[in-house]
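Colleague: I should like to go through this model with you and learn on what grounds its parts are described as they are. May I put some questions to you?

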Amino acid sequence: MVFNPFNWLLGLFSLDIGIDLGTANTLVNVRGKGIVINEPSWVAIEKKTRRPLAIGAEAKEMVGRTSSSVIALRPLRDGVISEFDITEAMLEYFIGKAHEQSIVPVPRPRVVVGVPKGATEVEKRAVYDASMAAGAREAFLINEPTAAALGANLPIADVRGSMIIDIGGGTTEIAIFSMGDMVASRSMRIAGDEMDVDIVNYVRNKYNLLIGERMAEGVKIDMGSAYPLKEERITTVRGRNLVSGLPEAVEISSVELREALSSSIRAIIDMAKDLLDETPPEIVSDLMELGVCLAGGGSQLHGLDERLSSELRMRAWVAEDPMTCVARGAGLILEDLEANRQFLTGLERTRG
Ligand code: ADP
Ligand code: MG
């Protein structure tokens, strides 16, 4: 983000923050400062009291390693709030952290929070309520694909159409814009998490080896792919043999991983094709010129851009810094909340 002295000065006296409340990662973008928090959306709680013991990176470290009295969990599933009180605690902690960093005492913040396009009214209301309960003075909601497109600098206000595919942890959302409006969109609960599960299942079925989801995520990021790699690779995964019950390590290749991921990748491609199918031809021709932009952590899967380019017959490219697009887009909205009202959604003006 470009340093803007005016915003910096404003930031001394008021606090405006944009929040990407993702299923996998939560980012907080403070106007005039940029992204000050970028942490996994994990909370460790004491089982009996449900009291939060750790939030963010510290809580994620505990996953799979907690004692019986502590659980580490993600309060958001499939892009929406599944544990209200814990989401609120997490938001409160992150908003509080951003607030604390102010040099002079400032009033409670105004926040813009991204919600999945596929979220229901009830789910949106939950995000709104959690933001207010977490200490916001005013809360506004924005559809995540819109925020992602703005953050990726797509010309969504243009008459010419533009398209974004945001692949997060819990959801994949695809949207097409023209003249500031979302003209078509699709949302699906298959994204990065599902790919991890694909790998766990594949290794279990083929090798009788049970590996953890974090191990699966690690190999996915390291050498998972959607398109043949220039040089295929081999790595070792460790887990428990389901027959002997003993620890075991097996070698797995990038070709096998691609096979494991193939059905989830297929589902994402099919959703994009379906959406293009029902898009007016004029807009499709715009897209053939401009291409389709990919955002979200899952978009960084090796070769996904190439695969989509060949399947959709238009250039697909990964946005710069794809995991911060939503937070940066929410930040852009905050630069001029009044002028950008058109991009906000749903309960934006509801109070209390
Ligand atoms: P959310 O918006 O749901 O919080 P993110 O946009 O932060 O999700 O993306 C998180 C997902 O991206 C996780 O499933 C993670 O495993 C995946 N991811 C992160 N980096 C990579 C990478 N380099 N390759 C493939 N997947 C990745
Ligand atoms: Mg996201």
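Colleague: At what angle do the axes of helix H6 and helix H7 cross?

Modeller: This is a predicted model. In it, the axes of H6 (residues 192–207) and H7 (residues 213–223) cross at roughly 105 degrees and come within 8 Å.

Colleague: Why are H6 and H7 called roughly perpendicular to each other?

Modeller: Angles of 65 to 115 degrees count as roughly perpendicular. The crossing angle is roughly 105 degrees, and H6 and H7 are therefore roughly perpendicular to each other.

Colleague: Which residues make the contact, and of what class are they?

Modeller: H6 contributes Gly192, Met195, Asp196, Val197, Ile199 and Val200, while H7 contributes Glu213, Ala216, Glu217, Val219 and Lys220. By class, six of the residues in this contact are nonpolar, one is polar and four are charged.

Colleague: What else does isoleucine 199 touch?

Modeller: Setting aside neighbours within four places in sequence, isoleucine 199 is in contact with Ile211, Ala216, Val219, Lys220, Leu257, Ala260 and Leu261. Ile199 is also, with Met163 and Ile165, among the residues with the most contacts inside the largest nonpolar core, which has 43 residues. Helix H8 (residues 254–277) gives the most to this core, with 11 residues. A second, separate core has 31 residues, including Ile55, Ile86, Leu91 and Val106.

Colleague: How do you know that strands S4 and S5 pair?

Modeller: Pairing requires at least two bridges between the strands. S4 (residues 43–46) and S5 have three, in the antiparallel sense, so the requirement is met. Within this region, isoleucine 45 stands opposite proline 52 in S5.

Colleague: What makes S5 and S6 the edges of the sheet?

Modeller: The open sheet has three strands in the order S5-S4-S6, with antiparallel pairing. S5 (52–55) and S6 (70–73) each have a single partner strand, so one side of each is left without a neighbour in the sheet. On average, neighbouring strands of this sheet are turned by 20 degrees against each other, direction ignored.

Colleague: Which helix lies across these strands?

Modeller: Helix H3 (residues 84–100) lies across S4, S5 and S6, and runs at about 55 degrees to S5.

Colleague: How do you know that leucine 290 touches residues beyond its neighbours in sequence?

Modeller: Contact means heavy atoms within 4.5 Å. With residues up to four places away left out, leucine 290 touches Pro155, Gly161, Ser162, Arg315 and Trp317. Leucine 290 belongs to helix H9 (residues 281–290). Between leucine 290 and arginine 315 there are 7.6 Å in space, C-alpha to C-alpha, although they are 25 residues apart in sequence.

Definitions and conventions:
Residues numbered from 1 in each chain as written. Chains lettered and ligands numbered in written order. Predicted model: local features only at pLDDT ≥ 70, side-chain atom pairs only at ≥ 80, totals over all residues. Heavy atoms only, no water. Helix = DSSP H or I, 4+ residues; strand = E, 2+ residues; numbered from the N terminus. Axes fitted to C-alpha atoms, helices over the stretch in contact; angles between N-to-C directions. Parallel < 35°, antiparallel > 145°, perpendicular 65-115°, else oblique. Nonpolar A, V, L, I, M, F, W, Y, C, P; charged D, E, K, R; others polar. Core = buried A, V, L, I, M, F, W, Y, C linked by side-chain atoms within 4.5 Å. Buried < 20%, exposed > 50% of the residue type's maximum accessible area, 1.4 Å probe, protein only.
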